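Q: I should like a close look at a single part of the structure shown below. Please answer in connected prose suited to a first-year student.

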Amino acid sequence: MSSGISRRQSLQMGALGGAGIVVGGIGLSQTGPPWTTRRAGDRGGSVSNLVQPELLRSEKGVLRTELVVSRTEVELAGVTAQMLTYNGSVPGPTWHVRPGDRLEVRLINNLDEATNLHTHGLAVSPEGNGDNPFLSVGPGESFDYLFELPEDHPAGVFWYHPHLHGAVADQIFGGLYGTILVEDRDEVPVSRDRVLVISDTTLTDDGGVAPASQGQIMMGREGELLLVNGQSQPQLAARPGERERWRVVNACTSRYLRLAVPEQDPQLLGVDAGHERSPRQVEDVLLAPGNRVDLLMTMQAGTSELVTLGYDRGGAMMGMMGNRDLSGPATLATVVVEGDAVTSLGQIAERLPDPDLRDREPDNRRQITMTMGMGGMGGGMTFGFDDRRFDGERIDQSVTAGTVEEWLIQNPTTMDHPFHLHVWPMQVIEDGGTRVEEPTWRDVINIPAGGWVRVLVDFARHPGRSVYHCHILDHEDAGMMGVVASGT
Ligand code: C2O
Ligand code: CU
Ligand code: CU
């Protein structure tokens, strides 16, 4: 394989190979005290410790909860902001469930606009009151959702957010997202478990959420304020030798994150619903919007930063729009490891390998092409798949329930687009000409500008109608979404 492709592929698959990481004290003096790196939007002098969202656990196989959506005044990065919130906070609560559980959610919409709910990445029914993106819950209404996880549902980090076509980017940029953890039996022994929901938004001077311009919508808006659990550059404190597990969600509407902790020693446990058999050392991890990563951190003494290194996600039509500032490098949090060292925890057991759909011949093959063109209203861009914009009444891909299909997803445009499919699991088998050897399961797959990816899609379960779309949510709202129906 050529080195260009293999680098692209390793980024795509979530990690770079792990040689050459400098650990220990080297470089600490260059990092400086955390308060020197504080940015606009973070008023006041004190560093805040990372706060965890409220954790709700299933009991006896059921998690029953209410999710109240409202416009709320919250303290965000040291300022008072008018955000859209789930249960009054940004992010919303973390739901902790196990395979086989029932997740019952009463969505109560106290907004003056419609919304709905999507459980991103869960393999559950898309029908009725399940993970149904075609539902709309009007202002003042409530709706009882039911998500039934199969007994063999993969463990992993998932998330929930609104999915009302046309309003998704605005509502997520406004603050509506939360984490879902699906945990199986062999838990990894750790000193501390953290959820890190990374999001971005832009606040106006009076503390409202800034609207996006046409140009920002075309490129996919990125917020000026980068947040971790609703905090700007919080601090994570630990003692040397402690083992932490970080479940990171990229809840940004359009921003790509290339996560690294240069003076630490991150190990990859998994991305989306895919797992490493044993923890694998990585230098950085690319998370397209919507992706999640499960990281193991064995803390080294010293002060370091969780950063995004920056990623070039391309530009619209021959550099017509500047893209230099998009998904650029930034500091997300400070990691302070000090105090008495703790004795290390036990070995982590090797996992069983993830399933591999290549054991059988695909029942069908199809191609799906991401398209952008001129000629939208007011001279803007049009976004779609196969030169059609989203129409919820049309079925774009009609598949037979119980089959496995091979999809070639192509991106002939000048910018990257993250491809996301609801409900049905995708195994990446080829990326721009490079075979992917290990079973690699993703629900958001970045398709680079001019590139393509081949996947196998498992339609064994959950017949019904759902969607695939670009997870740059401005593009999804603009029409880069299609309908897939699995039936007999
Ligand atoms: Cu995270 Cu269809 O969405
Ligand atoms: Cu989704
Ligand atoms: Cu896109």
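What share of the 488 residues of the chain count as buried, and which residues are the protein donors of the copper ion (ligand 3)?

A: This is a predicted model, in which local features need pLDDT of at least 70 and side-chain atom pairs count only at pLDDT 80 or more, while totals for chains, interfaces and linings use all residues. Residues are numbered from 1 along each chain as its sequence is written, chains are lettered from A and ligands numbered from 1 in the order in which they are written, and side-chain values use heavy atoms, leaving out hydrogens and water.

Of the 488 residues, 61% count as buried, that is, under 20% relative accessible area, against over 50% for exposed and partly exposed in between (1.4 Å probe, protein chains only). The chain has five helices and 32 strands, which are DSSP runs (helices H or I, at least four residues; strands E, at least two) numbered from the N terminus.

The copper ion (ligand 3) has as its protein donors His417 through ND1, Cys470 through SG and His475 through ND1, at 2.0 to 2.1 Å. Donors are N, O and S atoms within 2.8 Å of the metal (3.2 Å for Na, K and Ca), and water is not among the atoms, so sites may look incomplete. Along the chain, the donors follow the spacing H-x52-C-x4-H. Distant parts of the chain are linked here: His417 belongs to strand S25 (residues 417–421) and Cys470 to strand S31 (residues 464–470), 53 residues apart. Both His417 and Cys470 are buried.
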